[in-house]
Amino acid sequence: MRGLGWTFRLMVETVRVGGHCTQHPANRILTTSISCKQDISFCQKHQKGLEVFLRSLSVASTPPALSPRFCVQASFLACGQEEMAAAETQLYAKVSNKLKGRSTPLLLEPLLAMGFPVHTSLKALAATGRKTAEEALAWLHGHCNDPSLDDPIPQEYALFLCPTGPLLEKLQEFWRESKRQCAKNRAHEVFPHVTLCDFFTCEDQKVECLYEALKRAGDRLLGSFPMAVPLALHSSISYLGFFLNGGPADVIREFAMTFATEASLLADCTVKPCTKQLHLTLAHKFYPHHQRTLEQLARAIPLGHGCQWTAALYSRDMRFVHYQTLRALFQYQPQNADELMLSPGDYIFVDPTQQDEASEGWVIGISQRTGCRGFLPENYTDRASESDTWVKHRTYTFNLAADLNSRKDGEASSRRGGEFLSQTARSLSGIQALQATVARKSVLVVRHGERVDQIFGKSWLQQCSTPDGKYYRPDLNFPCSLPRRSRGIKDFENDPPLSSCGIFQSRIAGDALLDSGIRISSVFASPALRCVQTAKLILEELKLEKKIKIRVEPGIFEWTKWEAGKTSPTLMSVEELREAHFNIDTDYRPAFPLSALRPAESYQEYVDRCTASVLQIVDTRLQDTGVILIVSHGSALDSCTRPLLGLPPRECGDFAQLVRKIPSLGMCFCEENKEEGKWELVNPPVKTLTHGANAAFNWRNWISGN
């Protein structure tokens, strides 16, 4: 065939997306021409390469947030019109057909054209659920500094059967109410579901095959999937949920086994389907005394509503299965190179066993958004649920399933639930009327204000003392002065005072308590200087510093395992505190003498002394109808309230993680309900105190830097 001159033109039409100003399809056409002298066989030989080039050019010429529609027109400008027209039509059809679906090549090729390697592109697609190339591109940009980006670590996948519609709404209502009335339990970590298989791994390049396995399994069982899925309530001392029984459960198990078989054939995955009792968990690992309340809430769930059941394929990062998940509440700009940047909504994975390097109030975590590891202030975060970081990939929806067999029981349960709620409302009304005439005993537990070493580190004392042992103020956040100690300034090293901000925090809290109208009847404080200082400052703002004496109780001191050194900390004596103008009650006989504090005590020993101390504090103030103020450490908000509430101690690991999140002047408020013979945790009388960090500033560096 003769040589011919030809022009390859790319026309890109972009559409308006999310309000961005884009090219108008009618009058804004991006045209790129490539001209050369070649025969028709060149076009046919390099057809695939031209297609890839066009896609890469389209991606490079269009903002990532846009979804371009493009067509390719090859116009051959010489003789052989029929052959050229046929070649043009063939090329156009081939490119158009590839654009009709969201196959792996279509999602992958734009990423490869931008220079990303195949393995990281596949990793980004798997991590974002293989939805769009734009989402994968955003993930890659976010993880540009991720040290594990090139590691061949696949995602873990699992298949769940999830309810939708009215039943899901009622289950979510149960989730919220059970959490409010009975605190969080393990079931709250995941959305309502029936587990169809255990988590399994799948190579990133084979994830598309899992979607096909799900479709094949669903299509095969679609005709036999039950129109009604009976749910039978089952309860034990640590578990509450619905069991799926009978023929419908057998069909669902068959669906799970079919998916496992197809996934093995198509994606070369080892999937273990659930062949035992199918169940939808409502509550798990809760406190035994909450069982009755949870059962009453569960029986109020109406099971007669229609339900569309959906099989959903989810994935998670297998590296963080045993980590705790935190959600960022506030923006945080790093002050040092080893800190993480936080944006509201970021998820952080925290390993509870690797927090030894972190200072009080800080944790070490890995950002899900960036993959980077660093320190972050824990009071900028809140505990998130385990499934919040899972990624939904594909779903298969079955026919409408109305639980007709359970409608009758559901209506009866609803009536019983209504009667229970009505009785509860009448009971609460009577209690409220009685409370109007009967005063209630209350305990307010408060954490101390910001301490100096929390800001300036363990070497804070070296920063503010002269070689001859005299104190000076190197920063405005150091206190103006320190009280005198018989053994000199070195005794402050493990018994630090409040910072200037800590003093300010304590005064703000005291002023807010004054405005609330709360009546403090007695004050107990840990012997740590920072706690006694906080108690004194609160009393000053309440105008009670001369009327109420501070009772120093060593039994509510910090867990000594967390204190530095192998010996008990050197604390100020009652006489030294009085000399420093603290109004101390010298006649008070503590429940736990200072000399009995043991260094590096066990967790159980710590819990036992706190329990004994707080119970004695409450019992010795039987005539008090006001509020007993306890000023202690962050740990006391848990260890000094759970004995009153009748709750067992937390697991040691959970306790340590909880305490790290308690900010300065954090409060817990307990009230005695005499009518029901128990204590209750209620809202504190004042709002929380939230503020940001303020880094050190050196004007000389600023001048030289500019």
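1. Strand pairing around Val 523. In this predicted model, Val 523 stands opposite Ile 550 in strand β19. Its bridge partner in strand β20 is Leu 629. Val 523 thus serves as a convenient place to begin reading the sheet around β18, which pairs with β19 (residues 550–552) in the parallel sense over three bridges. The pairing of β18 with β20 (residues 627–632) is likewise parallel and runs over five bridges.

2. Burial of β18. The strand covers residues 520–525, and six of its six residues are buried, so β18 is largely enclosed by the rest of the structure. The cut-off behind that statement is a relative accessible area under 20%.

3. Ser 613. This residue is in helix α17. Is Ser 613 buried or exposed? Ser 613 has a relative accessible area of 1%, and therefore counts as buried. Leaving out residues up to four places away in sequence, Ser 613 touches Glu 553, Gly 555, Ile 556, Ala 591 and Phe 592.

4. Helix α20, buried side. The helix spans residues 652–660, and its buried residues are Phe 655, Gln 657 and Val 659. Among the elements that cover these buried residues are two strands, β11 (324–328) and β12 (347–350), and two helices, α17 (603–619) and α18 (636–639). Helix α17, which holds Ser 613, is therefore worth viewing together with α20, since α17 is part of that cover.

5. Helix α20, pocket side. The second largest pocket holds about 1,100 Å³ of space. Of its 36 lining residues, Ala 358, Ser 359, Glu 360, Trp 562 and Arg 660 are the closest to the centre. Which helix gives the largest share of the lining? That is α20, with six residues. Helix α12 (452–456) also supplies at least two lining residues. By class, the lining comes to 11 nonpolar, 12 polar and 13 charged residues.

6. Gln 354. This residue is found in the loop between β12 and β13 (362–367). At 40% relative accessibility, Gln 354 counts as partly exposed. Apart from neighbours within four places in sequence, its contacts are Ile 364 and Arg 373. Gln 354 and Ile 364 are 10 residues apart in sequence, and their C-alpha atoms are 7.6 Å apart.

7. Thr 586. This residue is in the loop between α16 (574–579) and α17. Thr 586 is partly exposed, because its relative accessibility is 42%. Not counting residues up to four places away in sequence, Thr 586 touches Val 574 and Arg 578. Between Thr 586 and Val 574, 12 residues apart along the chain, the C-alpha separation is 7.1 Å.

8. The chain as a whole. The secondary structure comes to 21 helices and 22 strands. Of the 706 residues, 47% are buried. Among contacts with a separation of 6 or more, 76% join residues 24 or more positions apart. The chain exposes about 35,000 Å², and carbon and sulfur atoms supply 53% of that area.

Note on methods:
Residues are numbered from 1 along each chain as its sequence is written. This is a predicted model: local features need pLDDT of at least 70, side-chain atom pairs count only at pLDDT 80 or more; totals for chains, interfaces and linings use all residues. Side-chain values use heavy atoms; hydrogens and water are left out. Buried means under 20% relative accessible area, exposed over 50%, partly exposed in between (1.4 Å probe, protein chains only). Helices (H or I, at least four residues) and strands (E, at least two) are DSSP runs, numbered from the N terminus. Contact means heavy atoms within 4.5 Å. Accessible areas come from the Shrake-Rupley method with a 1.4 Å probe; for residues, only the protein chains shown count as cover. On a 1 Å grid over the protein atoms alone, a cavity is a set of points where a 1.4 Å probe fits but cannot get out, and a pocket is an open set with protein on both sides within 12 Å along at least five of seven lines; lining residues have an atom within 4 Å of a point. Grid points are joined across faces, edges and corners, and a volume is the space filled by probe spheres set on the points. Ala, Val, Leu, Ile, Met, Phe, Trp, Tyr, Cys and Pro count as nonpolar, Asp, Glu, Lys and Arg as charged, and the others, Gly among them, as polar. Two strands pair if DSSP finds at least two bridges between them.
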